[in-house]
Amino acid sequence: MTSPIPHVHLYGQRRQRLAAQLGEGGIAIVPTAPERLRNRDSEYLFRFDSYFYYLTGFAEPRAWLVLTAEGRSILFCQPKDLEREIWDGYRLGPAAAPAALGVDEAYPVDELDQRLPALLENRRTVWWPFATHPGLEGRIDGWLQRVRARVRYGVLCPDAQRDLCSLLDEMRLIKDAHELDVMRRAARISAQAHVRAMQVCAQRLRAGDEVREYHLDAELLHTFRRHGSQHPAYGSIVAAGANACVLHYRADAAPVRAGELVLIDAGCELDGYASDITRTFPADGRFRLAQRRLYDIVLAAQQAAIDATRPGARFTDAHDAAVRVLTEGMLEVGLLDRRKVGSVDDAIEQRAYFRFYMHRTGHWLGLDVHDVGSYVEPSDIGHTSQRRDPLSGEIITNRPARILRPGMVLTIEPGLYVRPADDVPRDYWNIGIRIEDDAIVTDTGCELITRDVPVQADAIEALMRA
């Protein structure tokens with residue numbers, strides 16, 4: 001007999017919570033992700049759809065969940081096939097799925113087109129995740145056409161379609177205790193990977209060995225898998241020297257040189273949940289004066305953002321706090337010219353800082369590294385104001401930012417990126433710095449779950465001497 005998947009009751013509770021929001025006569029359809037070819041007949045490693053997994057805990061491909069407003073859950077999955085299992089691995093199969101996954105019924109996925117029209121009959125509203133699965137809308141239209149063809153026999157056809165993401169995004173935004181436990185474990189693994197990369201980098205340079213970005217990337221991947229992570233949460237950024245000024249740089253073959261900084265933005269995925277850490281460190285373990293000046297500015301900006309991350313605050317408060325500290329620092333070290341941009345408030349109003357800090361200070365984190373959830377407070381969505389962007393000249397509509405609540409998880413990641421220019425002090429050319437931690441909003445503030453890897457410059461130097 002197949003054993004239930006771990007925490008099967010949690011997935012059942014989520015399905016019941018969702019069912020209660022579908023409205024009378026509602027029905028939801030949720031597919032998992034498709035398998036994708038990498039080249040010719042070789043496939044990318046399969047990764048399930050996050051919405052589907054959130055409701056089922058089921059990681060096999062070619063699966064669908066149907067959920068009714070009454071709480072009835074029906075799974076469609078791959079049938080048992082001993083020959084294919086020799087090649088592709090074990091399949092749960094429809095017969096074992098109800099006991100293992102806690103669903104009410106399960107059928108072979110090949111019967112999906114046959115059974116869906118009957119399930120849609122006499123329903124009022126069809127819920128499905130809009131704009132997430134190419135071709136899904138057309139497939140649902142096909143099922144509804146078959147329902148409509150039977151109206152002469154007294155069948156009612158659903159007359160409304162709604163975006164299921166609007167419900168699931170709100171559910172996923174607040175993490176439960178199990179999710180937070182997994183995310184803390186993922187954060188610990190990722191922190192160990194960053195520590196290993198820092199130490200190996202300094203050790204190899206001290207020994208006179210060549211170090212390239214891919215050497216450090218290999219240390220990250222080794223540590224992720226060694227501690228049980230199934231995947232990297234995203235393509236690791238390992239950027240040496242000037243490459244750190246490219247925000248979405250990927251680990252490549254550039255040499256890592258003593259005297260330069262290395263920026264690593266990397267995190268593992270554990271049981272579906274992402275971690276996301278960025279650290280910037282001196283390749284040989286010792287910050288130079290100009291590097292340290294900018295590093296300490298970014299670190300102070302991160303601390304200001306951390307202090308602003310607490311229940312009742314707005315999501316944008318952390319960004320605003322970081323921007324103020326960064327702008328003050330830019331004026332102090334000469335990246336911004338007071339004679340041209342004026343005071344700190346003037347520079348912020350003009351967005352003069354954008355030249356050196358062009359991204360937001362954080363994002364939601366969870367089953368997706370840029371996780372779902374609106375950044376606008378639902379209760380304030382109709383309250384708008386407009387402003388003209390001082391850089392682009394565009395008219396921008398502002399809506400009140402999300403109010404932070406316990407259980408939300410977000411990143412806090414200010415940075416500075418200085419490219420060569422005639423009006424920029426030469427000492428700061430080609431320095432890119434970002435410091436990123438993952439934070440759980442708590443009842444009193446926030447819990448940083450990624451601080452097993454140090455952030456203070458002195459602590460980083462001490463670590464790399466070890």
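1. A good place to start is the charge pairing: across the whole structure, a search turns up 36 salt bridges. Please keep in mind that this is a predicted model. A few of these pairs are worth a visit in your viewer, and the next points go through them.

2. Take aspartate 368 and arginine 172, which form a salt bridge with their closest N and O atoms 2.9 Å apart. Aspartate 368 sits in the loop between H13 and S15, while arginine 172 belongs to helix H7 (residues 165–173), so this pair ties together parts that are 196 residues apart in sequence. The two ends differ in exposure: aspartate 368 counts as partly exposed because its relative accessibility is 25%, whereas arginine 172, with a relative accessible area of 2%, is buried.

3. A second pair uses the loop between H13 and S15 too. Aspartate 371 makes a salt bridge with lysine 175, and here the closest N and O atoms are 2.8 Å apart. Aspartate 371 lies in that loop and lysine 175 in the loop between H7 and H8, so parts 196 residues apart in sequence are again tied together. Both aspartate 371 and lysine 175 are buried.

4. Further along the chain, arginine 292 forms a salt bridge with aspartate 458, with 3.1 Å between the closest N and O atoms. This pair links distant parts of the chain, 166 residues apart: arginine 292 is in helix H10 (residues 289–307) and aspartate 458 in helix H14 (residues 457–465). Arginine 292 has a relative accessible area of 25%, so it counts as partly exposed.

5. Not every salt bridge stands as a simple pair. Glu170, Glu377, Arg402 and Arg405 are linked in a network of salt bridges, so do display these four together if you want to follow the links.

6. Now to the pockets. The largest pocket holds about 830 Å³ of space. It is lined by 27 residues, and those nearest its centre are His319, Asp320, Arg360, Arg387 and Asn398. Two or more lining residues come from each of helix H11 (315–333), helix H13 (344–350), strand S15 (385–388) and strand S16 (395–398). H11 gives the largest share, with 5 residues. By class, the lining has 12 nonpolar, 7 polar and 8 charged residues.

7. The second largest pocket has about 340 Å³ of space. Its lining is made of 16 residues, with His248, Asp265, His363, His370 and Glu413 closest to its centre. Sorted by class, the lining of this second largest pocket has 4 nonpolar, 5 polar and 7 charged residues.

8. Which way do the residues of strand S19 point? In S19 (residues 431–434), Ile431 and Ile433 point one way and Gly432 and Arg434 the other way. That fits a general pattern: in a regular strand, side chains alternate between the two faces of the sheet. Here the residues on both sides are buried, Arg434 included.

9. S19 also has a partner strand. Strand S18 (residues 415–418) and S19 run antiparallel and are joined by 4 bridges. If you would like a residue to anchor the view, leucine 416 has isoleucine 433 of S19 as its bridge partner.

10. One last residue to look at is histidine 178, placed in helix H8 (residues 177–206). Is histidine 178 buried or exposed? It counts as buried because its relative accessibility is 18%, and the cut-off for buried is under 20%. Apart from neighbours within four places in sequence, histidine 178 is in contact with His7 and Leu10.

Conventions: Residues numbered from 1 in each chain as written. Predicted model: local features only at pLDDT ≥ 70, side-chain atom pairs only at ≥ 80, totals over all residues. Heavy atoms only, no water. 1 Å grid on protein atoms, 1.4 Å probe; cavity = no way out; pocket = protein on both sides within 12 Å on 5 of 7 lines; lining within 4 Å. Points joined across faces, edges and corners; volume = space filled by probe spheres on them. Nonpolar A, V, L, I, M, F, W, Y, C, P; charged D, E, K, R; others polar. Buried < 20%, exposed > 50% of the residue type's maximum accessible area, 1.4 Å probe, protein only. Pairing = 2+ DSSP bridges. Contact = heavy atoms within 4.5 Å. Salt bridge = Lys/Arg side-chain N within 4 Å of Asp/Glu carboxyl O.
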